[in-house]
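Let's work through a few short exercises together. Keep the sequence and the 3D view open beside you as you go.

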Amino acid sequence: MLPGAGDDPRGELVRPYAVTRGRTEPTRDIAIEAILVTTARGVQEAPFAGRHKQLIAQLCSNSPLSLAEISSHLRVPIGVARVLVADMAAEGLLAVYQQSEEEENQGERIEMLERILGALQRL
Amino acid sequence: MHSSDYRYPLDPDPTRIRAAKIVIAGGFGVGKTTLVGAVSEIEPLTTEAVMTSAGTEHDDLSGVPDKTTTTVAMDFGRITVAPDLILYLFGAPGQTRFWFMWDQLQRGAIGAVVLADVRRLPDSFASIDFFENRQVPYLVAVNCFDGAPVYPEADLREALTIPPHVPVLLCDARDRESAKSVLIGLVRHVIDLHQRGVPVGLR
């Protein structure tokens, strides 16, 4: 959560897309569950990239997080988080991973499903 | 020192990490977040999407003061299967006016759980139609609230006009074992569809 954002029950007194300077279109499409990991370059350069990007870089260097989690932790709408994350990916600060259906064969898909099944059974 | 001499604490290969997701759908107040919370390793988190009256998430809001905006909240949870595989459970917003989010949610999903309340069965019709039309694999889990009448599966199937190939389960969304069995049932169903060569998803 951003410093100050959680202290005021009214939330941040900033219009949602102000943090993206009014841009609503991300430079690339990023799925809500896409996994984000801060790159070595991100660790080095994000401290100078503004507080939202700095915070994203911090969050995603501790453990891989999804776009949805970033949106939630920053308390910004998913569309705003998507614009910020797409910028950071373009700047080489974040690695974004999302599976494309076309890249995956059925054997890989079933293997993944069986791993999930095993994990659910062990819960 | 040359910058390449630095060793960073994390220099990951993200192509080795992947996410999977399951959509939890159903009418408003049917217990979607409860089910997510029963199995999630984190307290369910909330994310929001902003929609304008034009009905798209990415609509330009600048310079149009009279345009109405709607914020839709979605709760989600997480189960770390392994360091390289994370499963997310997304509760789909119940009201039909929020269906702009559903396309985003179902894209690439393993499948969906339609949570139904026996006292308000018609609330789940819209969800069932949505996943049928998109060929998203799903099952129907009837949440048995305290004091709610318990009907045989055949009666529920008929009342909801659920096709024979779709599994129907009874559950208690508050109960971890019960919620687990719903998700296990869905994943087994999807594996079965793949193994039988049934086309899964239009996407």
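**Exercise 1.** Which strand order does the open sheet of three strands in chain A have?

*Solution.* Before starting, some ground rules. This is a predicted model, in which local features need pLDDT of at least 70 and side-chain atom pairs count only at pLDDT 80 or more, while totals for chains, interfaces and linings use all residues. Residues are numbered from 1 along each chain as its sequence is written, and chains are lettered from A and ligands numbered from 1 in the order in which they are written.

Step 1: find the elements. Helices (H or I, at least four residues) and strands (E, at least two) are DSSP runs, numbered from the N terminus. Chain A has five helices and three strands, running β-α-α-β-α-α-β-α from the N terminus on.

Step 2: read the order. The sheet is open and runs β2-β1-β3 in chain A, with antiparallel pairing. Because β2 (65-66) and β3 of chain A stand at the edges with a single partner strand each, one side of each has no neighbour in the sheet.

Step 3: check one pairing. Two strands pair if DSSP finds at least two bridges between them; β1(A) and β2(A) are joined by two bridges in the antiparallel sense. A:Ile35 has A:Ser66 in β2(A) as its bridge partner.

**Exercise 2.** Describe how the confidence varies along chain A.

*Solution.* Step 1: pLDDT is the predictor's confidence in each residue, from 0 to 100. Chain A averages 84, and 80% of its residues score at least 70.

Step 2: compare the elements. Of those in chain A, α3(A) has the highest mean pLDDT (97) and β3(A) the lowest (92).

Step 3: look at the start of the chain. Residues 1-10 of chain A stay under 50 in pLDDT.

**Exercise 3.** Which element of chain A gives the most residues to the side that touches chain B?

*Solution.* Step 1: count residues in contact (C-beta atoms, placed from the backbone, within 7 Å). Chain A brings 41 residues and chain B brings 46 residues.

Step 2: list the contributors. Elements of chain A that each supply at least two residues include α1 (40-45), α4 (78-90) and α5 (106-122). The top contributor is α5(A), with twelve residues.

Step 3: sort by class. Ala, Val, Leu, Ile, Met, Phe, Trp, Tyr, Cys and Pro count as nonpolar, Asp, Glu, Lys and Arg as charged, and the others, Gly among them, as polar. On that basis, the side of chain A that touches chain B has 23 nonpolar, eleven polar and seven charged residues.

**Exercise 4.** Where do the buried residues of α5(B) lie around its axis?

*Solution.* Step 1: check the helix length. The expected span is 1.5 Å times one less than the number of residues. For the 20 residues of α5 (residues 176-195) of chain B this gives 28 Å, and the end C-alpha atoms are 28 Å apart, which agrees.

Step 2: pick out the buried residues (20 or more other C-beta atoms within 10 Å of a residue's own; exposed means 12 or fewer, partly exposed in between; C-beta atoms are placed from the backbone). In α5(B) they are B:Ala179, B:Val182, B:Leu183, B:Leu186, B:Val187 and B:Val190. They cover an arc (of the directions from the helix axis to the C-beta atoms) of only 125°, so they sit on the same side of α5(B).

Step 3: look at both faces. Exposed B:Glu177 and B:Gln195 are on the face of α5(B) turned away from its buried side. The cover over the buried residues includes α5 of chain A, along with elements of chain B, among them β1 (18-26) and α1 (32-39).

Technical notes
Contact = placed C-beta atoms within 7 Å.
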